[in-house]
Amino acid sequence: MTCAATRSGDRRISPVFAGILAVAAVAGWAVWTGFAARPGIAVFLFVTAAWIVSLCLHEYAHARTALHSGDVTVAAKGYLTLNPLKYTHVLLSVVLPVVFLLLGGIGLPGGAVFVEHGRIRGRLRRSLVSAAGPLTNVLFAAVVSAPFWLDALDGVPAAFRFALAFLALLQVTAAILNLLPVPGLDGYGVVEPWLPAGIRRQVAPFAPFGLLFVFVVLQVPAANDVFFGAVDTVLDHLGAGLVDRFCGQELYRFWQETNEFCAVSR
């Protein structure tokens, strides 16, 4: 196992990830310059590709932290290549989050990398492995919202500003959802090592249904208000205002008629 972890190919960035990153870069350039005939299509490609990049970085953070905490098997599994096709559940980790992005404009966390927790040295390290993913979303949110909280929006085209605000929304919703202490989510993975063994055994069968449980609870108006109130508070502090977020989602859905308020010229 250790030898497999040291092969350079196990850590080399995959062409798949490089291609996704290239799509994000080119589409971002098209949004910035107004090159696209329909800015919504460029925003759609930019946000979708950047969202997939963030999903890959989320899982990479789990794997990299696990590697340095004792699980040397993550390299041989291909988790350090940033290739989403190497994940345990590509459907749950990439396809389903993108579907939720298309339908609801919410950042859906997904489970992907299989970490052998028995190899992780100590409870604190196990908690850090789980926390690494959502903390990556937090960092990504801070980066894409930097022009807002740094008050550096002069010269930033409206479409690009809207796209960044929508990306920040996705990252914040993903981080908050994933940090909930619900079985199956990373938030539970943070606290799980500190729980008595009996409780862990009793909770384990419910882990596959944790995310479904969260979305059922979010259908309750009071819970929905609390969750999105927290999201709005974080984004407001980051400077990504409601109007920018709304217009970002409006442009992203290029197949629908864009609200006139959010229309941008080439």
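# A walk through the model, starting at serine 145

Select serine 145 and alanine 141 to begin: a polar atom of the serine 145 side chain sits 2.6 Å from the backbone oxygen of alanine 141. Bear in mind as you click around that this is a predicted model.

Keep serine 145 selected and add alanine 142. Its backbone oxygen is also reached by the serine 145 side chain, this time at 3.4 Å. Where does serine 145 lie? Look in the loop between α6 (123-144) and α7 (146-149). Buried or exposed? Serine 145 has a relative accessible area of 0%, so it is buried. To see what else it touches, show Ala168 and Leu238; these are its contacts once residues up to four places away in sequence are set aside.

Next, slide along to arginine 125, which is found in helix α6. This one counts as partly exposed, because its relative accessibility is 34% and the partly exposed band runs between 20% and 50%. Turn on His68, Ser69 and Ile120 to see its contacts, leaving aside neighbours within four places in sequence. If you like a distance to check in the viewer, pick the C-alpha atoms of arginine 125 and isoleucine 13: they are 25 Å apart in space, with the two positions 112 residues apart in sequence.

Now for a pair of backbone oddities. Which phi does leucine 82 have? A positive one, about 65 degrees, although the residue is not a glycine. You'll find leucine 82 in the loop between α4 (73-76) and α5 (90-104), and its 7% relative accessible area makes it buried. Then jump to aspartate 151, another non-glycine with a positive phi, here about 55 degrees. Aspartate 151 is in the loop between α7 and α8, but it counts as exposed, at 67% relative accessibility.

From there, carry on into helix α8 (residues 158-178) and colour it together with helix α13 (residues 242-252). Two packed helices are described by the angle between their axes and the distance between the axes. Here the axes come within 7 Å and cross at roughly 100 degrees, so α8 and α13 are roughly perpendicular to each other.

Show side chains for the contact itself:

- On α8, select Ala159, Arg161, Phe162, Ala163, Ala165 and Phe166.
- On α13, select Asp244, Arg245, Cys247, Gly248, Gln249, Leu251 and Tyr252.

By residue type, this contact of α8 with α13 divides into eight nonpolar, two polar and three charged.

Stay on α13 and colour by accessibility. How many of its 11 residues are buried? Eight, so the helix is mostly covered. Among the buried ones are Glu250, Leu251 and Tyr252, and the charged Asp244 and Arg245 are on that list too.

Last stop: the largest nonpolar core, which has 72 residues. In soluble globular proteins, nonpolar side chains tend to be buried together. Which members touch the most other members? Select Phe46, Val47 and Leu235. Helix α3 (residues 39-69) gives this core its largest share, 15 residues.

Zoom in on phenylalanine 46 to finish. Beyond its neighbours within four places in sequence, phenylalanine 46 is in contact with Ala24, Ala27, Gly28 and Val31, and also with Phe160, Ala163, Leu164 and Leu167. Ala163 should look familiar: it is one of the α8 residues that meet α13.

Notes
Residues are numbered from 1 along each chain as its sequence is written. This is a predicted model: local features need pLDDT of at least 70, side-chain atom pairs count only at pLDDT 80 or more; totals for chains, interfaces and linings use all residues. Side-chain values use heavy atoms; hydrogens and water are left out. Axes are lines fitted to C-alpha atoms, for helices over the stretch in contact, and angles run from 0 to 180 degrees between N-to-C directions. Helices (H or I, at least four residues) and strands (E, at least two) are DSSP runs, numbered from the N terminus. Angles under 35 degrees count as roughly parallel, over 145 as roughly antiparallel, 65 to 115 as roughly perpendicular and the rest as oblique. Contact means heavy atoms within 4.5 Å. Buried means under 20% relative accessible area, exposed over 50%, partly exposed in between (1.4 Å probe, protein chains only). A polar contact is a pair of N or O atoms within 3.5 Å; within protein, one must be able to donate a hydrogen and the other to accept it, and residues adjacent in sequence count only if both atoms are side-chain atoms. A nonpolar core is a set of buried Ala, Val, Leu, Ile, Met, Phe, Trp, Tyr and Cys residues joined through side-chain atoms within 4.5 Å.
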